[in-house]
Amino acid sequence: MQQQILTLTELSGTRREVGQAHGRAHAPLIQRSLEVYDRLFHDFVGIRWAEARREAERFGAMIERGFPAILEEMAGIAEGAGVEPADILTLNCRSEISLTRASGGCSAFALARAGTQWLAQNWDWRTDQLHNVVALKISGQDHAPLVSVGEAGMVAKIGMNAHGIGVCLNAIRSRTCGEGLPIHVALRKILESPDMAGALAVASRDRVCSPAHFLVASAQGEAVGLEVHPGEPGRLEAAGGVVTHTNHLYAPGATRQVEDFPRADSQPRLARLDALLREALVPEAAMDEAALFEVLADHHGEPLSICRHFNPAQPAEERMETLFGVVMNLTERRLALRHGKPCETRDALVVTL
């Protein structure tokens with residue numbers, strides 16, 4: 001079913017003011033997100049929300065050490081939405097609490113062509129989060145403007161900033177969890193980075209407490225895949241201007257340190273991305289957002305394809321679908337978002353910084 005184009009929510013001011021405005025604007029969606037993750041934690045980890053809040057407390061101490069300013073924004077979100085600060089902390093640590101058993105889909109790539117740096121991905125997750133997706137433009141007092149597409153009540157997910165730094169996310173299922181920033185907090189710190197060096201330092205200096213893949217790129221034509229975890233991240237350098245990733249680890253720097261448990265479709269989706277980007281899109285081909293959304297709309301190997309549709313034949317814990325597709329032109333600081341499956345609409349929310 002085709003989705004309506006999302007409305008961009010613009011937030012500005014102090015950390016507290018940004019959070020309060022976020023919470024007020026999306027209070028019903030935040031409440032629904034809390035309900036979704038209460039069910040998810042019960043289904044996948046066997047705990048209810050109260051226990052998940054207790055689990056999240058230890059991550060609060062890590063955030064206090066590595067990115068204390070963001071706690072003020074979280075407190076503002078809670079105040080604006082009329083929930084407890086512990087609820088917003090737990091929501092922002094949902095990956096650390098659930099990804100020992102649950103894993104997302106998601107197919108991401110970076111592509112450099114004709115002087116333009118592109119960054120794109122589909123975000124695949126539980127169907128019941130489809131209508132809790134939000135697009136935020138944040139103009140804070142201590143960082144450049146940024147746009148983040150993610151889940152209501154969370155401080156960041158996928159996006160870019162006015163310096164031309166962008167980041168995509170692939171979930172990794174693993175039992176590893178140590179010291180560092182929670183995944184979504186680390187993504188926000190990357191989005192506040194003024195340059196590529198600062199963005200990469202989040203993974204190598206601050207560290208990330210549980211495994212994930214961050215695909216980081218810049219308007220200057222740099223792109224690096226970072227398979228993050230509590231240790232030194234595995235790095236995937238661009239080859240022919242391309243970096244691709246799905247939901248398994250394959251950089252030696254990560255696989256020597258972390259064991260992951262990928263879904264059976266991760267390898268085939270990666271192979272399909274490589275075929276489309278390294279073979280089908282020849283270097284001299286014209287490149288635009290529409291062409292890259294076609295990559296994200298690919299159904300090869302369906303139902304476990306790059307563009308994923310709900311499949312009731314799968315076990316309940318494996319059922320997910322593409323909730324949005326995003327294409328970023330970092331050179332022009334332009335982000336285009338299709339809410340829902342990219343195959344179902346050509347309409348997009350377009351944001352330029």
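User: Which residues of helix 5 are buried?

Analyst: In this predicted model, the buried ones in helix 5 are Asp-87, Ile-88, Leu-89, Thr-90, Leu-91 and Asn-92.

User: What makes you say helix 5 is enclosed by the rest of the structure?

Analyst: Helix 5 has eight residues and six of them are buried, so the rest of the structure largely encloses it. The cover over those buried residues includes helix 2 (27-45), helix 3, helix 4, helix 6 (94-98) and helix 7 (183-191).

User: Why is Asp-87 called buried?

Analyst: Buried means under 20% relative accessible area. Asp-87 comes out at 9%, so it makes the cut.

User: And what makes Asp-87 and Arg-53 a salt bridge?

Analyst: You want a side-chain nitrogen of Lys or Arg within 4 Å of a carboxyl oxygen of Asp or Glu. For Asp-87 and Arg-53 the closest N and O atoms are 3.0 Å apart, so the pair qualifies. This one ties together distant parts of the chain: Asp-87 belongs to helix 5 (residues 85-92) and Arg-53 to helix 3 (residues 49-66), 34 residues apart.

User: Is Arg-53 counted as buried, partly exposed or exposed, and why?

Analyst: Partly exposed: Arg-53 has 28% relative accessibility, and that label covers values between the 20% and 50% cut-offs.

User: How many salt bridges does the structure hold?

Analyst: The count is 28. Another of them pairs Glu-72 with Arg-16, where the closest N and O atoms sit 2.9 Å apart. Here too, distant parts of the chain are linked, with Glu-72 in helix 4 (residues 69-81), Arg-16 in helix 1 (residues 15-25), and their positions 56 residues apart. Both ends are partly exposed, Glu-72 at 34% and Arg-16 at 29%.

User: What about Asp-128 and Arg-126: how far apart are the closest N and O atoms?

Analyst: They are 3.3 Å apart, which is within the 4 Å limit, so this is a salt bridge as well. The two ends get separate labels: Asp-128 is partly exposed at 29%, whereas Arg-126 is buried at 15%. Elsewhere, salt bridges with shared partners gather Arg-15, Glu-73, Asp-142, Arg-188 and Glu-192 into one network.

User: How do you know which strands stand at the edges of the six-strand sheet?

Analyst: Start with the order, which is 11-2-3-12-13-14 in an open sheet with antiparallel pairing. Strand 11 (242-245) and strand 14 (349-352) each have a single partner strand, so each has one side without a neighbour in the sheet, and that makes them the edges. On average, neighbouring strands here are turned by 10° against each other, direction ignored.

User: What makes strand 3 and strand 12 a pair?

Analyst: Two strands pair if there are at least two bridges between them. Strand 3 and strand 12 share eight, in the antiparallel sense, so they pass. If you want a spot to look at, find Trp-123, which stands opposite Phe-324 in strand 12. Helix 11 packs on this sheet and touches strand 2, strand 3, strand 12 and strand 13, with its direction at about 150° to that of strand 12.

User: What is notable about phi of Ala-114?

Analyst: Most residues other than glycine have a negative phi. Ala-114 has a positive one, near 50°. You'll find Ala-114 in the loop between strand 2 (107-113) and strand 3 (116-125). At 83% relative accessibility it is over the 50% cut-off, so Ala-114 counts as exposed. Arg-333 also has a positive phi, about 55°, without being a glycine. The loop between strand 12 and strand 13 (334-339) is where Arg-333 sits.

User: What kind of peptide bond joins Glu-302 and Pro-303?

Analyst: That bond is cis, with omega at about 10°. Most peptide bonds are trans. Pro-303 is in the loop between helix 11 (289-296) and strand 12 (321-329).

User: Last one: why is Leu-249 labelled the way it is, buried or exposed?

Analyst: Leu-249 has a relative accessible area of 8%, under the 20% cut-off, so it is buried. Its place is the loop between strand 11 and helix 9 (252-255). Apart from neighbours within four places in sequence, Leu-249 contacts Ile-172, Glu-227, Ala-254, Thr-255, Val-258 and Asp-260.

Key: Residues numbered from 1 in each chain as written. Predicted model: local features only at pLDDT ≥ 70, side-chain atom pairs only at ≥ 80, totals over all residues. Heavy atoms only, no water. Helix = DSSP H or I, 4+ residues; strand = E, 2+ residues; numbered from the N terminus. Buried < 20%, exposed > 50% of the residue type's maximum accessible area, 1.4 Å probe, protein only. Contact = heavy atoms within 4.5 Å. Axes fitted to C-alpha atoms, helices over the stretch in contact; angles between N-to-C directions.
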